[in-house]
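Got the viewer open? Let's take a tour, one selection at a time.

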Amino acid sequence: MKSFFKKILFFIFPLFVAAIMMDLYLVNMNSLYKEKASGLLDHANEIEILILGNSHATYGVDPSGFSTFAFNIANVGQSIYFDKELTLQNLNKLKKLKYVLISLDYHSLYFSRQRGERNIWSYYGNGIKYPTDNYKKADISPFLFGYDPKVSFSLVKKNILNKWEFRNEDYFIDYDVELGVSLTDTTMKGYISFSGTEEFVFNNEYYINRIKGFDNLINCSTEKELVLNELGQLISTLQSNGIKPIFFSTPTFKEYNTFLDSSIINDNLIDSKNLCKRYNIEFFDYSINHDFIKDEFFNPDHLNKKGAARFSKMLDSRLKLYNN
Amino acid sequence: MLFNSIEFAIFLPIVFILYWFATNKNLKLQNLLLLGASYFFYAWWDWRFLSLIVFSSTIDYLVGLKLSSTTNESNRKDLLLTSIFVNIGFLGFFKYFNFFSESFAQAFTLFGQPFEASRLNIILPVGISFYTFQTLSYSIDVYKRKMAPTKDIIAFFSFVSFFPQLVAGPIERAANLLPQFYKKRNFDYLKAVDGLKQILWGLFKKVVIADNCAIIVNDIFANYTIYSGSTLILGAIFFAFQIYGDFSGYSDIAIGTARLFGFNIMQNFAFPYFSRDIAEFWRRWHISLSTWFRDYLYIPLGGSRGSINKKIRNIFIIFIVSGFWHGANWTFIIWGALNALYFLPLFLLNKNRNNLNIAAEGKIIPTINEVINITLTFSITVFAWIFFRAESVTHAFSFIKHLVNNLYIEIPKILVVGKWHLFITCILILIFTTIEWMGREGQYAIEKYSSNWNRVSKWLFYYLILISIFIYSTNQQEFIYFQF
């Protein structure tokens with residue numbers, strides 16, 4: 001029996017040491033969340049426009065397309081609660097901030113946060129917790145419970161490869177921690193892009209399935225009041241600081257739009273109208289814009305780099321009207 | 001509590017240490033610890049359903065005692081029927097009530113009598129199909145005087161709820177497992193190490209093979225209309241590996257865990273995908289269930305005796321019931337019937353016992369004939385798995401229709417994973433199949449591996465398996481057989 005336990009301990013010991021080393025490494029690891037947060041602070045004195053939202057805004061709004069300094073702090077699956085917290089925790093540092101573009105999509109008002117690892121990764125990067133969620137396990141070990149082993153190993157692998165290729169680590173961070181892949185593009189003013197078009201997802205079956213996911217979320221959601229409340233707090237605080245909040249939505253592919261649930265669209269329209277009226281703000285709604293062609297989309301509801309460049313210029317020209 | 005969870009990784013060593021250090025001097029105490037641990041393990045899901053296990057165990061314990069003291073055959077029969085009624089009653093209510101209710105309503109509607117199905121909001125208690133069969137086998141064996149009833153209530157309750165195999169088998173026979181609770185267990189170093197090896201291999205099958213395949217399978221079956229026929233075939237093949245990795249992985253962990261506590265549980269899978277015909281496949285797939293149905297259903301029905309019609313009837317009954325045991329859905333019934341159809345020609349031609357040995361026994365390379373037979377058997381099994389995996393019969397048929405109508409070969413592009421992930425999964429399956437083939441003469445694939453290696457190579461091999469388990473632990477999915 002003693003020999004059994006001794007051997008087990010000998011066998012486990014290297015694994016235990018490796019897990020601790022991984023944790024130490026991951027605590028200091030860069031990520032898209034950290035990169036965006038530090039980018040925001042680095043440029044705090046220059047930023048005039050802040051872009052918030054989920055993946056639609058993350059990939060769909062390129063700050064370089066604006067004539068004044070813009071920064072994209074949106075992230076995949078980022079809810080309005082995190083938009084609000086990210087903005088408010090940095091508000092006193094953003095001295096020049098004039099406009100905050102808040103993404104209002106088909107499903108934005110129906111989820112308080114995305115359940116799963118992304119919230120934990122966001123917490124590692126931004127330090128923001130969702131009040132009712134438990135982060136104890138994630139605090140104990142990012143390797144086992146936070147990034148989890150698969151993503152952790154992927155991050156290490158990418159980091160080693162970057163070093164191997166003598167790349168400057170500052171410019172080649174691991175962007176998409178979800179799949180453990182780093183994009184080869186560098187983050188510019190918080191923006192990362194999709195390249196090209198995934199041709200095979202432009203068909204009716206894909207549209208139906210994709211929308212089914214959103215519709216299920218929307219129809220099962222009981223969080224709308226909560227989200228509207230968060231949004232209200234964000235808008236009020238911005239307005240009391242003399243900053244102009246503006247709603248916007250990114251274009252989605254025209255054929256895809258035909259499968260969206262019209263009753264949900266109507267509800268969204270009523271909600272956004274009420275919000276605009278209540279807070280006296282404008283909505284740059286491009287969700288039903290049919291100008292954008294397939295070539296400008298990565299998939300039916302995400303713009304690619306090309307589409308984002310044009311869309312950002314469109315937003316910029318509308319903002320210019322305020323300045324004039 | 002999932003075997004591939006942190007909770008179990010904490011639970012197991014605690015129970016192990018208490019078992020061998022705190023209670024090893026007293027058999028009753030050791031059994032009591034196992035009983036407590038098993039109930040705790042089960043209650044982790046839903047403590048309310050513990051009452052079902054306790055009730056079922058109590059009934060069968062009392063039925064067993066009564067059966068031994070009653071000589072009147074009619075009374076004995078009544079006692080057995082009580083046990084059957086309670087156990088099958090629980091199973092029928094929790095698992096099949098809604099199915100029967102809806103099927104009756106559909107049948108009435110079909111004949112022009114619109115009928116509103118009453119549907120209950122029932123949660124299926126985890127493992128109910130397994131422990132009811134296990135405890136039922138005890139009553140039947142005592143009734144048939146194949147074994148003496150036990151008076152040791154702790155041993156009996158521990159046998160019914162033994163945590164390694166409580167929720168997904170193997171479905172143990174009382175005659176094999178129960179006597180092990182009567183005898184003092186001594187710690188056996190080699191047995192414990194062997195148990196750990198089997199747990200490791202089981203985790204590899206579950207986490208690396210099954211869960212990895214599951215991501216791809218789920219997407220292909222959900223979005224089959226956008227994929228080519230070749231991608232759908234790939235999806236069905238991946239499902240074959242998913243269900244094998246998932247279920248046989250669970251069985252390996254269960255058997256390995258039991259060995260850590262000094263118990264021997266029956267082998268549940270004997271490398272079924274290397275079978276040369278469907279009869280061999282069924283001797284190697286989910287052995288504990290197949291033999292249960294053989295002993296308690298097929299043979300009492302007359303088995304292979306009687307007229308040809310009776311034989312055919314018995315074959316269809318056993319396969320269809322076996323399919324229906326898996327779930328309250330017509331897809332499982334069709335899956336069972338399809339397997340009966342595969343089996344029937346072999347049975348009628350008296351060729352169902354042709355392949356009793358292991359494929360290419362004692363050799364590494366199989367003959368061309370063996371390769372052809374293994375490939376054919378695997379192919380028809382994969383086809384049947386489509387029904388098993390589909391959400392409904394309509395889903396299964398339209399999946400097959402789409403497969404046939406779009407049968408062209410292309411490099412698969414899966415929505416949820418990249419090409420690299422798909423490629424790695426294929427490589428992992430290839431490595432896994434090779435290891436399984438090389439180790440097919442053992443109880444589990446790596447049983448005889450590494451036994452004559454030096455410690456460094458041995459440990460490196462184990463570390464490699466462990467690291468791959470860690471890497472793929474992200475995609476944690478519940479064991480498929482929990483739903484049965």
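Start by selecting chain A and colouring it by burial: buried residues make up 38% of its 324 residues. Keep in mind as you look around that this is a predicted model. In secondary structure, chain A has 13 helices and 7 strands. The radius of gyration of chain A is 21 Å, close to the 20 Å that the globule rule gives for 324 residues, so chain A is as compact as a globular protein of that length. Draw a box along the principal axes and the C-alpha atoms of chain A fill roughly 75 × 45 × 40 Å. Now switch on contacts within chain A: of those between residues at least 6 apart in sequence, 76% join residues at least 24 apart.

Next stop, chain B. How many helices and strands does chain B have? Show it as a cartoon and you get 17 helices and 0 strands. Its radius of gyration comes to 23 Å, close to the 23 Å that the globule rule gives for 484 residues, so chain B is as compact as a globular protein of that length. The box for the C-alpha atoms of chain B, again along the principal axes, is roughly 70 × 65 × 45 Å. Colour chain B by burial and 42% of its 484 residues count as buried. For contacts in chain B between residues at least 6 apart in sequence, 73% join residues at least 24 apart.

Now show both chains and pick out where they touch. Here 17 residues of chain B are in contact with 16 residues of chain A. On the chain B side, the elements to select are helix H8 (189–222) and helix H17 (455–472), each of which gives two or more residues. H17(B) supplies the largest share of that side, 5 residues. Colour the chain B side by class and you'll find 12 nonpolar, 4 polar and 1 charged residues.

Hide chain A and split chain B by its domain assignment: select 6–186 for domain 1, then 191–276 + 355–483 for domain 2. Put a marker on the C-alpha centre of each domain of chain B, and the two lie 29 Å apart. The contact between them takes 17 residues from domain 1 of chain B and 17 residues from domain 2 of chain B. Which elements of domain 1 should you highlight on the side that touches domain 2 of chain B? Go for H1 and helix H7 (174–182) of chain B, which give two or more residues to that side. By class, the domain 1 side of this contact in chain B divides into 10 nonpolar, 5 polar and 2 charged residues.

Last stop: zoom in on H1(B), residues 6–22. This helix has 17 residues and reaches 24 Å from its first C-alpha to its last, close to the 24 Å expected at 1.5 Å a residue. Show side chains for Leu12(B), Val15(B), Tyr19(B) and Trp20(B), which are buried. Turn the view to look down the axis of H1(B): the buried residues fall within an arc of 110°, so they line one face of the helix. To see what covers them, bring up helix H2 (27–46) and helix H9 (229–260) of chain B, which are included in that cover. Then spin round to the face of H1(B) turned away from its buried side, where the exposed residues are Glu7(B), Ile10(B), Pro13(B), Ile14(B), Ile17(B), Phe21(B) and Ala22(B).

Terms used
Residues numbered from 1 in each chain as written. Chains lettered and ligands numbered in written order. Predicted model: local features only at pLDDT ≥ 70, side-chain atom pairs only at ≥ 80, totals over all residues. Helix = DSSP H or I, 4+ residues; strand = E, 2+ residues; numbered from the N terminus. Expected span 1.5 Å × (residues − 1). Buried ≥ 20, exposed ≤ 12 C-beta atoms within 10 Å, placed from the backbone. Arc of directions from axis to C-beta. Contact = placed C-beta atoms within 7 Å. Domains from an automatic or database assignment. Nonpolar A, V, L, I, M, F, W, Y, C, P; charged D, E, K, R; others polar. Rg over C-alpha atoms; globule rule 2.2 N^0.38 Å.
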